[in-house]
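Work through the following exercises with the sequence and the coordinates side by side. Each task is followed by a solution that proceeds step by step.

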Amino acid sequence: MPFWSWGKNKWNPDGKHCYVTGGSVGLGLALATILASRGAHVSIVARGKQRLADAIEVIESHRQRPDQIFRSFSFDLCSAEGAEAALDAVVADHEGLTPDAIFLCAGVATPRFFVESTAKDLIDGMNLGYWTEAWTSWAVTRRMVQQGRQGKIVFIASTLCYMTFVGWSSYSPARHAVRGLADTLRSELQLYNIDVHLFSPNTMLTPGYDEEQKTKPKITLKIEEGDTPLTAEQAAIGLIKGIEANHAHISADFITELFRASTRGSAPGHNFVYDWALDMMAMIGAPIWRSSVDTLIRAHRAEHAEYLQTNGVLSTHGDPGPTVK
Amino acid sequence: MFWQKNWDVKGKHCYVTGGSAGLGLSLAVLLTKKGADVSIVARNEGRLQKALAQLEAVRQTPNQLLKAYSFSLTTASTAKEALDAACKDHGGRCPDAVFLCAGKSTPGFWVEEDETTVRRGMDDTYFVQAFSALAAAKRMARDHFQGRIVFVSSVLGYMSMIGYSTYSPGKFALRGLAETLRSELILYGIGVHIFFPATIYSPGYEEENKTKPAITLKIEETDGGLKPEDAAKALLRGVEKGNFHITPDFITNVFRSSTRGSTPQNNVVVDAIYSLIGWIALPVWRQSVDATVRGHRSQHQQYLEQKAVFKLEELEEHIGQDSS
């Protein structure tokens, strides 16, 4: 923790209004549940109404005090309009005042081969991995500054915001973009005393993960086969610990810690010595890992060429898809 | 590292987007001087013709194919049409290398951005290159053609700071795409490179400074910059040497090595030294920038009030509230 935060009170959700996007399943729900059990008011936003209703029941079962306010709202956050409308709904029961902490958990991954992607796949990837967080952060920042209020904005990306490999061409760029925005706003929102954090979880066992596995190329699955996924609860606990420690970049597993430390650049780090040790490990370990992955991919060429032939995807040089706007 | 060391552009077809000004034009001129066939793509027909005249002026052989194509690259269909047009003039053959220099920067304060400027920022940094890369990769894979795709990011794809909320995310996204494709296009023998320059003294830079917040200008005031010709030389040299991440100067090399992750390094020993320098110097630099930003708070509040960024009535309620 940087020295100027020694003595700063550890962040405590008790009595605070926490707004969680993507709060009806997975990491978002796990987070909302923990925050509720620690005395926070919780608002969750997602698309599916049934999931939201089920989620609110779960959150209710963690109520600590009768005065805690739990609300759920159905909105699509991939547009500026949706993000504004969601924010209007969220602040309505709080005298129109902005939340104390915003957790941007909404996000979906659809891994596939680049040459099998359409423009729509790239656009959707950016919508579901970046815009869904960026628009809410935009709406919230403007309102916080307008009201002269402070608070925390927590972006959630992925290990794939620090590194990437075959199969992730519509998802990893979006997650890298989240990092870019988080790093810009961490710097800029000091103007308003608004804190910004970035949480990068590795694979989590969630409904999102099940969706992802449906399209994931075999070679990507093979590369990932050694991974030990986290539960959503473990990830949520790691996130909250990172906020309490006032870390700008937060991760909840060792592999991501290695990447966090070795891609740090000018972003704030954790303990200087600890980060150096991680960086040294990564300096030796990462090239070895990457070389072995490259070898696997090279060995996969023939099988992949056959796959493309049988799929017939490239013979017609597929339709590029709709325009951006 | 690539199988072909010291790649030579002579006689090769090089496709350059953003080729009518700045880095793209300087690169196109350099490629022409080195004997390549060059196709430049941009939107503005007038600028393209002027640029083509510059290429003609340095033509090396009578049979070099030097062509200009006017297309918008921020939609996938026109990005593909542009590439198809260039391939048609080469008997349907894919370019040997695709240099994606198209891009634009419009810095500003996040609270002053509206929906249009935020969205345009991503189009003008990321999609303007991603759609061309998609068209090129598909074509190369279909034709079993072992070409190269070269992205142009920025030092603001390694790190970010105040003023760049509509620029940096797209430049980071380009890194994400290039890294994924370096790995994935091994399946087809297609090479991938990405260039991370800092300031280039180009028409784009002058445009950028029109909207750049004063505080951002202040932080950057001691930065040097490169002339477009020098940036282009560094970019091409990096591609010729087979470097994946290409950085033209000391500062960008320090950032490259300090954000290494699992990116292939160019020279293990030299890059370790850059890492060490970054490990000490970058936190110091960032903390001084943070202090500058914090010190700017009250001036910024005045600026927001003067510009009436938020509705006046609501502002009058909050003037007097201490927000710093």
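A crossing of two helices is called left-handed if the near helix is turned anticlockwise from the far one by less than a right angle, and right-handed if clockwise. Helices (H or I, at least four residues) and strands (E, at least two) are DSSP runs, numbered from the N terminus. This is a predicted model, in which local features need pLDDT of at least 70 and side-chain atom pairs count only at pLDDT 80 or more, while totals for chains, interfaces and linings use all residues. Residues are numbered from 1 along each chain as its sequence is written, chains are lettered from A and ligands numbered from 1 in the order in which they are written, and side-chain values use heavy atoms, with hydrogens and water left out.

**Exercise 1. Describe how H4(A) and H5(A) pack, from their axes to their residues.**

Step 1: Take the axes, which are lines fitted to C-alpha atoms, for helices over the stretch in contact, with angles running from 0 to 180 degrees between N-to-C directions. Helix H4 (residues 119-147) and helix H5 (residues 172-188) of chain A have axes 7 Å apart and pack at an angle of about 20°. H4(A) is therefore roughly parallel to H5(A), given that angles under 35 degrees count as roughly parallel, over 145 as roughly antiparallel, 65 to 115 as roughly perpendicular and the rest as oblique.

Step 2: Apply the handedness rule, by which H4(A) and H5(A) make a right-handed crossing.

Step 3: List the contacts (heavy atoms within 4.5 Å). From H4(A), Gly125(A), Met126(A), Gly129(A), Tyr130(A), Glu133(A), Ala134(A) and Ser137(A) meet Pro173(A), Ala174(A), Arg175(A), Ala177(A), Val178(A), Leu181(A) and Leu185(A) of H5(A). Sorted by class, this contact of H4(A) with H5(A) holds nine nonpolar, three polar and two charged residues, where Ala, Val, Leu, Ile, Met, Phe, Trp, Tyr, Cys and Pro count as nonpolar, Asp, Glu, Lys and Arg as charged, and the others, Gly among them, as polar.

**Exercise 2. Repeat the analysis for H1(B) and H8(B).**

Step 1: Helix H1 (residues 22-33) and helix H8 (residues 228-241) of chain B pack at an angle of about 65°, and their axes are 8 Å apart.

Step 2: The crossing in which H1(B) passes H8(B) is right-handed.

Step 3: On the H1(B) side the residues are Gly22(B), Leu23(B), Ser26(B), Leu27(B), Leu30(B) and Leu31(B), and they meet Pro228(B), Glu229(B), Ala231(B), Ala232(B), Lys233(B), Leu235(B) and Leu236(B) in H8(B). The contact of H1(B) with H8(B) divides into nine nonpolar, two polar and two charged residues.

**Exercise 3. Which residues of H9(B) are buried, and what covers them?**

Step 1: Use relative accessible area, where buried means under 20%, exposed over 50%, and partly exposed in between (1.4 Å probe, protein chains only). Helix H9 (residues 250-258) of chain B is mostly covered, with seven of its nine residues buried.

Step 2: The buried residues are Thr252(B), Asn253(B), Val254(B), Phe255(B), Arg256(B), Ser257(B) and Ser258(B).

Step 3: Their cover includes helix H9 (254-262) of chain A, as well as strand S7 (245-246) and helix H10 (268-295) of chain B.

**Exercise 4. Place Gly26(A), Ala299(A) and Ile284(A), and state for each whether the residue is buried or exposed.**

Step 1: Gly26(A) belongs to helix H1 (residues 26-37) of chain A and, with 18% relative accessibility, counts as buried. Leaving aside residues up to four places away in sequence, Gly26(A) touches Thr206(A), Pro207(A) and Ala232(A).

Step 2: Ala299(A) lies in helix H10 (residues 272-299) of chain A and is exposed, its relative accessible area being 66%.

Step 3: Ile284(A) is likewise in helix H10 of chain A, and at 60% relative accessibility Ile284(A) counts as exposed.

**Exercise 5. Where do Asn246(A) and His144(B), with their positive phi values, lie?**

Step 1: Asn246(A), a residue other than glycine, has phi near 60°. Asn246(A) sits in the loop between helix H8 (232-244) and strand S9 (249-250) of chain A, and is partly exposed at a relative accessible area of 22%.

Step 2: His144(B), also a residue other than glycine, has phi near 50°. His144(B) occupies the loop between helix H4 (115-142) and strand S5 (148-152) of chain B, and counts as exposed at 69% relative accessibility.
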